Amino acid sequence: MRTLLLTAAASAIALASAAPAAAQDRDDNATTFTGPRVGVLLGYDKLQPGSSQNSSISDNNSANGLLYGGDIGYDVALGGIVLGAEGEVTGSTGKVSNNPVAAGALGYGRVKNGRDLYAGVRAGFRAGSNTLIYAKGGYTNQRLDLTANNGTTTLGQHFNLDGWRLGAGVEQGIGQHTYAKIEYRYSNYNNARFEYANGANTNNFSVDTDRHQVAVGVGYRF
């Protein structure tokens, strides 16, 4: 985990360090960081039991995979400060491939990361004419696709997990309308419900599931 954080931080610092030279060449066309935007995301995804997991489950039983998806947002620049709202729809290739009849891995049995929905806000400051350093936070809902087996039939249902997300990143304008960014995001899911095949849901129950992601993105600002 420490290596992951240091790698993300080093990448962000390198991107920010490149900003002054770029800004000198493009001061007349500085990024406004204002208006609607849309982008695509790609990165690393890790889902694991949280630190207060009430079981003998090891955090080595994690679902690691490729993060992919897209985001939309709207930003407003207020001098050197930028405020915005954003949303994401992402997926992941992460999964835990234990025996389908076992219930130990990750605390949910045999699961695959499904779609993830995120809605939140971000706030940042300019570190150059075309560079934004920002923090973000909001609500996230993660679906876990469950595989269960009764000995003869394999069925699929879902867990829906509710939680919160915090993150930080660097965005760099690379054209009049285009940009690239890199960010680290931490999510914690503390409520879950099971969705049956017929669409019915159980009541919410408490969980503790952590998620770590490093994402890069490119986008277009209108």
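Here's a quick tour of this structure, starting with the overall layout and then moving to its core, its rings and its charged pairs.

Keep in mind that this is a predicted model. The chain has 222 residues, and 45% of them are buried. You'll find 2 helices and 9 strands in the chain, and both the aromatic pairs, 4 in total, and the salt bridges, 19 in total, give you handy places to start looking.

**Overall layout**

- Walking along from the N terminus, you pass through the elements in the order α-α-β-β-β-β-β-β-β-β-β.
- Take the contacts between residues at least 6 apart in sequence: 67% of those join residues at least 24 apart.
- The accessible surface of the chain adds up to about 10500 Å², and carbon and sulfur atoms account for 60% of that surface.

**The nonpolar core**

- The largest nonpolar core is made of 13 residues.
- Among the residues with the most contacts inside this core are Leu-47, Tyr-108 and Val-111, along with Leu-144, Leu-146, Phe-159 and Leu-161.
- Three elements give two or more residues to this core: strand E6 (131-149), strand E7 (154-173) and strand E8 (178-195).
- Strand E8 provides the largest share of the core, with 3 residues.

**Aromatic rings**

- The structure holds 4 aromatic pairs, and one of them joins Phe-159 and Phe-194, whose ring centres are 5.2 Å apart.
- The planes of Phe-159 and Phe-194 sit at 70°, so this pair counts as edge-to-face.
- Phe-159 belongs to strand E7 and Phe-194 to strand E8, so their pairing ties together parts that are 35 residues apart in sequence.
- Both Phe-159 and Phe-194 are buried.
- Phe-205 joins Phe-159 and Phe-194 to form one aromatic cluster.
- Another edge-to-face pair is formed by Tyr-220 and Phe-222, with 5.1 Å from centre to centre and 70° between the planes.
- Tyr-220 is partly exposed, at a relative accessible area of 35%, while Phe-222 is exposed, at 59%.

**Charges over rings**

- Arg-122 lies over the face of Tyr-134, and the distance to the ring centre is 4.6 Å.
- Arg-221 lies over the face of Tyr-179, at 5.5 Å from the ring centre.

**A look around Val-38**

- Val-38 is part of strand E1, which covers residues 35-49.
- With a relative accessible area of 35%, Val-38 is partly exposed.
- Val-38 and Gly-219 are 181 residues apart along the chain, yet their C-alpha atoms are separated by 5.5 Å.
- Setting aside neighbours within four places in sequence, Val-38 is in contact with Asp-71, Ile-72, Tyr-179, Gly-219, Tyr-220 and Phe-222.
- Two of those contacts should ring a bell: Tyr-220 and Phe-222 are the partners in an edge-to-face pair.

**Salt bridges**

- As a bit of background, side chains of opposite charge can pair when their charged atoms come close.
- There are 19 salt bridges in the structure, including one between Glu-88 and Lys-136, where the closest N and O atoms are 3.2 Å apart.
- That pair links distant parts of the chain, with Glu-88 in strand E3 (residues 81-92) and Lys-136 in strand E6, 48 residues apart.
- Glu-88 and Lys-136 are both buried.
- Arg-165 and Asp-116 also meet through their side chains in a salt bridge, at 2.9 Å from N to O.
- Arg-165 sits in strand E7 and Asp-116 in strand E5 (residues 110-128), so this salt bridge ties together parts that are 49 residues apart in sequence.
- Arg-165 counts as buried because its relative accessibility is 1%, under the 20% cut-off.
- Asp-116 counts as buried too, at 1% relative accessibility.
- Then there's the salt bridge between the side chains of Arg-193 and Asp-162, at 2.6 Å from N to O.
- This pair again links distant parts of the chain: Arg-193 is in strand E8 and Asp-162 in strand E7, 31 residues apart.
- Asp-162 is buried, with a relative accessible area of 13%.

Methods:
Residues are numbered from 1 along each chain as its sequence is written. This is a predicted model: local features need pLDDT of at least 70, side-chain atom pairs count only at pLDDT 80 or more; totals for chains, interfaces and linings use all residues. Side-chain values use heavy atoms; hydrogens and water are left out. A nonpolar core is a set of buried Ala, Val, Leu, Ile, Met, Phe, Trp, Tyr and Cys residues joined through side-chain atoms within 4.5 Å. Buried means under 20% relative accessible area, exposed over 50%, partly exposed in between (1.4 Å probe, protein chains only). Helices (H or I, at least four residues) and strands (E, at least two) are DSSP runs, numbered from the N terminus. Contact means heavy atoms within 4.5 Å. Accessible areas come from the Shrake-Rupley method with a 1.4 Å probe; for residues, only the protein chains shown count as cover. Rings of Phe, Tyr and Trp (its six-membered ring) pair if their centres lie within 6.5 Å; planes under 30 degrees apart count as stacked, over 60 as edge-to-face and the rest as tilted. A charge sits over a ring if NZ of Lys or CZ of Arg is within 6 Å of the ring centre and within 35 degrees of the ring normal. A salt bridge is a side-chain nitrogen of Lys or Arg within 4 Å of a carboxyl oxygen of Asp or Glu.
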